[in-house]
Amino acid sequence: PFWKSILAGPAPRQSVTAPRSIAGVEATSDLLDSWNLFPDRPWANDFPNQWTPGETGARERLERFLDNGLALYHRRDEPGIESTSGLSPHLRFGEISPYQVWHAVESVVTPETRANASRFLSEVGWREFSYHQLFHNTDLHRRNLRAEFDEFPWEEPNPAHLSAWKKGKTGVELVDAGMRELWKIGTMHNRVRMVAASFLIKNLGIDWRIGEAWFWNTLVDADEASNPASWQWVAGSGYDAAPYFRVFNPELQAAKFDPDSVYRARWIEEYNTPLYPEPIVSLSDTRARALADYATMRGERPQQ
DNA sequence: CACATTTTTGA
DNA sequence: CAAAAATGT
């Protein structure tokens, strides 16, 4: 309903260009580079190859997406190909606005790319919906929007499981590839985020807030609205969220969206070697336990 | 933006 | 009787 009502309204306004000067204001500005904001630790070595912080980088990223990604956007769920925009860190830091994105897309759209363009804009719309939720719930990262989830029987996090998830050593290929992408370059493909989140919450039985906190600490696009809203979406505790019983099967997701293993092989060095670990949990057993926990929350008697 | 199971379809 | 569609969690 949120996006529908946005679309029913007027198009967003055009952005105004920055003024060269403001009458009566004398302002000098440091060069951003002189602040040496970029991390110099080894863990950030690969970051400069991934994105260029700042307004120019944001503009270039958008152009690149409009030139190459938009026509492929119907394949956005395949993490092995570059079909998503990669704009999230730029949007996060206000280096480009959703309104600018909207008008840029509308200015290049053709009948052939109309469907992809609308879908892409609706994804930007999810971000707006997240801010709508945050505006009305400043404790979005803490409180289940659907209060019945306060009764959910989360288990005490198993430290070995949680650590394996953070390090990408769960033995579940798509989850590990995503978590290692996150650690290496501070981002993760959206489809894989959903799978990795579903695995933590449902297969490992760990409270979504613990996953949210890890993403908040590691994502370069960590966003105070999108991050918690999306975790609540996967957990089923959010507004208009995925129902809790929608449990991703990481193996089926990998077969469907990474059929040639390109993504998994890219991020898991020891992929397809004996060094790669066995799964730390059984996907089917833990899925059954998750559904049983859900029934408990709903006050239902256990099956049989 | 799921998956498993049941029911229906149709060659 | 396999595949597609509907259904329940």
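Visitor: Is Ser130 buried or exposed?
Guide: Buried means under 20% relative accessible area, exposed means over 50%, and partly exposed lies in between (1.4 Å probe, protein chains only). Because its relative accessibility is 5%, Ser130 counts as buried.

Visitor: What pLDDT do local features need in this model?
Guide: Residues are numbered from 1 along each chain as its sequence is written, chains are lettered from A and ligands numbered from 1 in the order written, and side-chain values use heavy atoms, leaving out hydrogens and water. This is a predicted model: totals for chains, interfaces and linings use all residues, side-chain atom pairs count only at pLDDT 80 or more, and local features need a pLDDT of at least 70.

Visitor: Which residues is Ser130 in contact with, leaving aside neighbours within four places in sequence?
Guide: Ser130 sits in helix H6, where helices (H or I, at least four residues) are DSSP runs numbered from the N terminus. Contact means heavy atoms within 4.5 Å. Apart from neighbours within four places in sequence, the partners of Ser130 are Leu140, Ala225, Ser226 and Ala229.

Visitor: How many residues of domain 2 are in contact with domain 1?
Guide: An automatic or database assignment sets the domain bounds, giving chain A domain 1 (46-136) and domain 2 (147-297). The domain centres, taken over C-alpha atoms, are 24 Å apart. The 21 contacting residues of domain 1 meet residues of domain 2 that number 22.

Visitor: Which helix gives the most residues to the largest nonpolar core?
Guide: A nonpolar core is a set of buried Ala, Val, Leu, Ile, Met, Phe, Trp, Tyr and Cys residues joined through side-chain atoms within 4.5 Å. The largest has 46 residues, and Trp165, Met179 and Phe215 touch the most other members. Helices supplying at least two residues each include H7 (159-167), H8 (173-185) and H9 (190-203). With 8 residues, the top contributor is H9.

Visitor: How many residues surround DNA strand B?
Guide: A residue is near the strand if one of its heavy atoms lies within 4 Å of it. Arg119, Trp126, Arg246, Val247 and Asn249 are the closest of the residues around DNA strand B, which number 15.

Visitor: How many charged residues does the surface near DNA strand B have?
Guide: Asp, Glu, Lys and Arg count as charged; Ala, Val, Leu, Ile, Met, Phe, Trp, Tyr, Cys and Pro as nonpolar; the others, Gly among them, as polar. Beside 7 nonpolar and 2 polar residues, the charged ones near DNA strand B number 6.

Visitor: How far does a backbone N or O atom of Asn249 lie from a phosphate oxygen of DNA strand B?
Guide: A polar side-chain atom of Arg246 lies 2.9 Å from a phosphate oxygen of this strand. For Gln253, a polar side-chain atom lies 3.3 Å from a phosphate oxygen of DNA strand B. Asn249 uses a backbone N or O atom, and its distance to a phosphate oxygen of DNA strand B is 2.6 Å.

Visitor: What separates the C-alpha atoms of Tyr73 and Thr113?
Guide: Tyr73 lies in the loop between helix H3 (55-69) and helix H4 (88-92), and its relative accessible area of 5% is why Tyr73 is buried. Tyr73 touches residues including Phe65, Arg119 and Glu123. Although their positions lie 40 residues apart in numbering, the C-alpha separation of Tyr73 and Thr113 is 8.9 Å.

Visitor: Which residues is Tyr294 in contact with, neighbours within four places in sequence aside?
Guide: Tyr294 belongs to helix H14 and counts as buried because its relative accessibility is 15%. Its C-alpha atom lies 7.0 Å from that of Phe152, 142 residues away along the chain. Beyond four places in sequence, the contacts of Tyr294 are Phe149, Phe152, Tyr244 and Phe245.

Note on methods
Polar contact = N/O pair within 3.5 Å; in protein donor to acceptor, adjacent residues only side chain to side chain.
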